[in-house]
Amino acid sequence: MSESPLTVIDVLLVEDDPGDALMTQEAFEHHKIRNSLHIVKDGVEALEFLRREGQYKDAPRPGLILLDLNLPRKDGREVLSEVKNDAELRSIPVVVLTTSEAEEDILRSYSLYANAYVTKPVDFDRFIEVVRQIDDFFVTVVKLPR
C-alpha cells in the first residue's frame, strides 16, 4: 500500500500591503507549508495572473486565492465578482483575507460567492496561525477541483 503524496497547490495572494504579504510568506515558511505562494499587488495584476496575460502568460492556475478587499486599480470586490462570473475561474476557491470587519463587506463578499471571509488578525502570531489554518483547511480537509 503506497502513501498518497501530499497535495501541493499554487496559492495566489492578492495583497497591496507589503507587510501583510511578508507575514503571509513567513506563515508559509514557518509552518513548512509546501504550497507555492504567488503574490500580486492589485486587482488588475490578479486578473492578468488568473487569465495568464502579459507577464503572467506562464502563470500556474492557482488552487486557492487569498484576496484582500481594499486594493489599488481594481478592488477585491471587483476581482471576486469577475472571478466568480468567469466559467474558467469560478471553481477556484477564494478566501477574502482583509482588515475589514464591516458587516456590509462580509455580506457583499458572500453574495459575490466568496468561499470564506477571514479578518486579518493584527497580532503577528495569530496572523501566522490563521494563515496556517486556512491552508490546512483548503489543502488538507477540503477536496479541490483539479
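Let's start at Asp86, which sits in the loop between helix H3 (76-84) and strand E4. This is a predicted model, and in it Asp86 has a relative accessibility of 17%. That puts Asp86 in the buried class, because buried means under 20% relative accessible area. The side chain of Asp86 also has a local partner: one of its polar atoms lies 2.8 Å from the backbone nitrogen of Glu88. Looking further along the chain, Asp86 and Arg51 are 35 residues apart in sequence, yet their C-alpha atoms are 10.0 Å apart in space.

Now step back to the whole chain. The protein has five helices and five strands, and from the N terminus they run β-α-β-α-β-α-β-α-β-α. Of its 146 residues, 47% are buried. If you take the contacts with a separation of 6 or more, 64% of them join residues 24 or more positions apart.

The five strands come together as an open sheet, in the order E2-E1-E3-E4-E5, with parallel pairing. At the edges you'll find E2 (36-40) and E5 (116-119); each has a single partner strand, so one side of each is left without a neighbour in the sheet. Going from one strand to the next, the twist averages 20°. Over at the E5 edge, E4 (residues 94-98) pairs with E5 in the parallel sense over four bridges. To find your place there, look for Val96, which stands opposite Tyr117 in E5.

Helix H1 (residues 18-30) packs on this sheet, touching E1 (10-14), E2 and E3 (64-67). Its direction makes about 175° with that of E2. H1 has 13 residues and spans 18 Å from its first C-alpha to its last, close to the 18 Å expected at 1.5 Å a residue. Which residues of H1 are buried? They are Asp20, Ala21, Met23, Thr24, Ala27 and Phe28. Viewed down the axis of H1, these buried residues fall within an arc of 160°, so they line one face of the helix. What they pack against is E1, E2, E3 and helix H5 (124-141). On the other side of H1, Pro18, Glu29 and His30 are exposed. The start of H1 has a polar contact too: a side-chain oxygen of Asp17 comes to within 2.7 Å of the backbone nitrogen of Gly19.

Helix H2 (residues 43-50) is worth a look next. Six of its eight residues are buried, so H2 is largely enclosed by the rest of the structure. Those residues are Gly43, Glu45, Ala46, Leu47, Phe49 and Leu50, and their cover includes E1, E2, E3 and H3. At the N-terminal end of H2, Asp42 acts as a cap, with a side-chain oxygen 3.0 Å from the backbone nitrogen of Val44. And at the other end? Just after H2, Arg52 takes a positive phi of about 55°.

Note on methods:
Residues are numbered from 1 along each chain as its sequence is written. This is a predicted model: local features need pLDDT of at least 70, side-chain atom pairs count only at pLDDT 80 or more; totals for chains, interfaces and linings use all residues. Side-chain values use heavy atoms; hydrogens and water are left out. Two strands pair if DSSP finds at least two bridges between them. Helices (H or I, at least four residues) and strands (E, at least two) are DSSP runs, numbered from the N terminus. Axes are lines fitted to C-alpha atoms, for helices over the stretch in contact, and angles run from 0 to 180 degrees between N-to-C directions. Contact means heavy atoms within 4.5 Å. The expected span of a helix is 1.5 Å times one less than its number of residues. Buried means under 20% relative accessible area, exposed over 50%, partly exposed in between (1.4 Å probe, protein chains only). The arc is that of the directions from the helix axis to the C-beta atoms. A polar contact is a pair of N or O atoms within 3.5 Å; within protein, one must be able to donate a hydrogen and the other to accept it, and residues adjacent in sequence count only if both atoms are side-chain atoms.
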